[in-house]
Amino acid sequence: MKKPTKILLVSSVLNCGIATTIINGIISYFALSKGTMLFFQDLIFNFFSIIIGCGIFCPLFSNIVLKKLQKKNNIFFGEKSKHVLARLVPNRHISGTIVICILSMFIFGCIPYFFIQAVCVDLVLKVTEWCLILGVYSGLVATFSMYLGIIRARYSQIDEERYKDEHEHKERRAF
């Protein structure tokens, strides 16, 4: 794994993944403690709400995380065209967040759901087991969303810097 990718993943896990895992695990425990055994179909709403929540909220805080990263490290991200997922995410904050949420929904929602439906697995687990699964699942979604959010924030900064440089260059030419 390349050094910038490793730094971004570690930062995503530490800044968003671990906290989201703990918080969603606790929330799930108290919200689901009514039943003794739960089916996967009973919890599909919880999985999709976790994806939407993490897919929207984690990228919104990516600018703050990026600033902390830039103070500690001098990371070269490379060109946006070389990052497979970064090419799909617009640099604007709100539109980038929406695209990250849609990517998270597809990767962490649709693919596992259709796989479980195709295999016809009927998952019946205890509440505490589901809480652990939901907690870890939310941490994975949060880490992925934060990772893409940090990349979006950095390429947005690069575009702003480029625009300022071009604008200053044009002003110098005018004089």
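1. Let's start with a pair of helices. Helix α1 (residues 3-32) and helix α3 (residues 62-72) have axes that come within 11 Å and cross at roughly 125°. Please keep in mind, here and below, that you are looking at a predicted model. Two packed helices are described by the angle between their axes and the distance between the axes, so this pair of values is a handy place to begin.

2. How are α1 and α3 oriented to each other? With axes that cross at roughly 125°, the two helices are oblique to each other, because this angle is neither over 145, which would count as roughly antiparallel, nor in the range 65 to 115, which would count as roughly perpendicular. As for its hand, the crossing of α1 and α3 is right-handed.

3. Next, have a look at the residues that make this contact. On the α1 side you will find I7, L8, S11 and N15, and they meet V65, K68 and L69 of α3. Sorted by class, the contact of α1 with α3 has four nonpolar, two polar and one charged residues.

4. Stay in helix α1 and pick out S12, which lies there too. Is S12 buried or exposed? Its relative accessibility is 0%, so S12 counts as buried. Leaving aside residues up to four places away in sequence, S12 touches G17, T143, M146, Y147 and I150. One of these, Y147, also takes part in a polar contact: the side chain of S12 reaches the backbone nitrogen of Y147 at 3.3 Å.

5. Now turn to helix α5 (residues 127-174), where you will find L140. With 49% relative accessibility, L140 counts as partly exposed, since the exposed class begins over 50%. L140 and G17 are 123 residues apart along the chain, yet their C-alpha atoms are separated by 6.5 Å. G17 may look familiar, as it is also among the residues that S12 touches.

6. Another pair worth finding is I64 and A153. I64 sits in helix α3 and is exposed, with a relative accessible area of 52%. From C-alpha to C-alpha, I64 and A153 are 9.4 Å apart in space, while 89 residues separate them in sequence.

7. Finally, not every buried residue here belongs to a helix. N91 is found in the loop between α3 and α4 (93-119), and N91 is buried because its relative accessible area is 18%, where buried means under 20%. Which residues does N91 touch, not counting residues up to four places away in sequence? They are K80, R152, Y155, S156 and D159.

Terms used
Residues numbered from 1 in each chain as written. Predicted model: local features only at pLDDT ≥ 70, side-chain atom pairs only at ≥ 80, totals over all residues. Heavy atoms only, no water. Axes fitted to C-alpha atoms, helices over the stretch in contact; angles between N-to-C directions. Helix = DSSP H or I, 4+ residues; strand = E, 2+ residues; numbered from the N terminus. Parallel < 35°, antiparallel > 145°, perpendicular 65-115°, else oblique. Left-handed = near helix turned anticlockwise from the far one by under 90°. Contact = heavy atoms within 4.5 Å. Nonpolar A, V, L, I, M, F, W, Y, C, P; charged D, E, K, R; others polar. Buried < 20%, exposed > 50% of the residue type's maximum accessible area, 1.4 Å probe, protein only. Polar contact = N/O pair within 3.5 Å; in protein donor to acceptor, adjacent residues only side chain to side chain.
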